[in-house]
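Colleague: Got a minute to go through the packing in this one?
Modeller: Sure, let me bring it up.

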Amino acid sequence: MKTNNRYRINNIKNPSFRIILMTFATMLAAIGGLLFLGISQSMVSEKSTEITHYETANKEYISKISQDMSQHQAVIFQYIVNAGDSVRQADLKQMAEQYHKSVYGYLNDFHKNTTGTEYEPHYHSIFKEINGYFSCIDDVYYFAETGDIQTANYYMEKTISNNIEKLNSEINNLDTIIADDLESSESSMDLLIEIAESSALGLILIIILLSVFTLLYCFRISDYMMNKDPLTYADNYHKIKKDCRKFESRGVLSDYTGFFCNIKDFKYYNQNYGSKVGDRLLAEYAKLIAEFLIKDERFARNGGDNFIVLIKNGRENDFISYLSGKELTVKTDSGQKTFSVESRCGICKIKKDDTASDVFNACNMALTIARLNSTPDIVWYKKEMMSDISKKKEILNQCMEGLRNNEFLVYYQPKVNIDSSSLCGCEALVRWLHDGKLISPGIFIPVLESEDKINELDFYVFRKVCSDISEWVKKGITPVRVSSNFSKNHLKDKDFSDKILQIINEFSIDPKYIEVELTESSAYDDFNALTEFVNDMKSNGIYTSMDDFGTGYSSLSLLKDLNVDVIKIDKSFIDDIDNGYTDHEKMVENVVHMIQDLHRNVICEGVETRNQASFLKSINCNMAQGYLYDKPLSHDDFEKRLESPVYNLNEK
């Protein structure tokens, strides 16, 4: 089957994390870019300053050397001219010495600055000429001091001047080289600055583009988050409603069949395995639906375990079959567990003029009907459901108000020992006195069961039973064992046993007066939970009974595997006793004997005639309940029966 790629519901997980990641990456890129720009500009500026300082220093050193050599030469000529003036010559000689030291000082600085560079050979040439010059100065002093002025001048002009010319030539040449190098360095620095500026512009552009991309991605994720359920990654109600309106505007909504689906008894999984396992089960259920869908089909989670699905016409029956009895494996704290999951569906065949709201309301009504215990799990919408739903809601609201106002009364139908015709127990039955009228349980109990409110009524009745037993004991009236009915829904509650024991302890009554009655169908929903509950009751001295025995498919195996104290045979077993069906009577007799052989007590309900009672007595079924003895009695009437427990059928 080619599934709809639109519903690969794990395509964008952790969208919030991705937004944070993208924002963080953009921030890092911006910070990194700014640091890069700052460092690059700093390095270029530092390098430029270093090169400029180096070249300028070299230029300054050779300029100073050239100036001081010229000054020294001028002083020497002055020295020659002032021959015979010993005072003046001494001053001039001292001045020449200062220039001599200065020249060698600058020459030494130039040497330090150029060692290991391309300028070092020039330093050696300059050093050679300067040394040659200064090595001849002593001869000039000698000639000048001896009065041989002509030879001193000749020596200066012909010998020393040659050194000066070579020195000046070397200095001029080096000065030109330094000027060229400085110009070249400045050009290189300008190029580096230009590259740095271009890099800065490029980096700023990249940061802007990355920021725009992050912004667009955030918009996309935001749109995704607005339209997706964060738990299952399916579409949400807002998105499917928007899609339905698009289908409406295109006139194709009637090409679909609408489904409202949920997991049957989902509360059981949450209560027994925890909400985390329940959430994982929902996610797997969403994947299950997604795998069935084809192009243009839609589905969404509508809160809880409810899903809205739009299936193309002609595929609706395939979808119903597909959802039936699926096994889903999820991770639990103890490993992996596989659950067999059934679905409930409310289905609406969409008509041409239907709107999205019409479809959703119709599917929701059908699903509400499907939740009723007496109805199938798959329900198609019909127009008359509108009035039925309204009526059920009205009954539910009145019931809940009635519970708050104590409008529900407990009646007791006696159980009778057939051999002695004496009271041996009773069953607590609920009646609703509303606006002065008694309302039949057949009207309000199915409504409470469908809305998961039956548990509140059951405990309301049980609390009243315990209160009445406590009252009778205080009055000195000996009670009989009272059986109180509990819906099979209670078995989904892990604290069911504890709640019963808590109420018994609250009223300080002997557990031997209590019998908890469950229907045979309870075993089919969760046999393990039922077995555990029955064992808990037995360990605390509380009786248990199975009602409606014989109406299910596994009754015989239940007798063997379930350790209940009392088996109640359904009235349908004895309805035909008065008609003389001997084969039927034989079957009832065998069932009673089999129950007794398994050490269970047996009682037959619905006994209405003396023939039925006589038959039961003949097969050793010694307990009966029915109108032959008594209808359900009010509290006061039953109290009188407790005080007068023996029946006289001749008076009836």
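Modeller: We can take the nonpolar cores, then the rings.

Modeller: Ground rules: this is a predicted model, where local features need pLDDT of at least 70, side-chain atom pairs count only at pLDDT 80 or more, and totals for chains, interfaces and linings use all residues. Residues are numbered from 1 along each chain as its sequence is written, and side-chain values use heavy atoms, with hydrogens and water left out.

Colleague: How many residues are in the largest nonpolar core?
Modeller: 81. Here a core means buried Ala, Val, Leu, Ile, Met, Phe, Trp, Tyr and Cys joined through side-chain atoms within 4.5 Å; buried is under 20% relative accessible area, exposed over 50%, partly exposed in between (1.4 Å probe, protein chains only).

Colleague: Which residues have the most contacts inside it?
Modeller: Phe444, Leu457, Ile500, Ile514 and Leu616.

Colleague: Which helix gives the most to this core?
Modeller: α12, residues 454-475, with 10 residues. Helices are DSSP runs (H or I, at least four residues), as are strands (E, at least two), numbered from the N terminus.

Colleague: Switching to rings. How many aromatic pairs?
Modeller: 30. Phe, Tyr and Trp (its six-membered ring) pair with centres within 6.5 Å; planes under 30 degrees apart are stacked, over 60 edge-to-face, the rest tilted. Trp432 and Phe444 are edge-to-face, 5.6 Å centre to centre and 85° between the planes.

Colleague: Why does that pair tie together separate parts?
Modeller: Because Trp432 lies in strand β10 (422-434) and Phe444 in helix α11 (441-450), 12 residues apart in sequence.

Colleague: Is Phe444 buried or exposed?
Modeller: Buried, at 0% relative accessibility.
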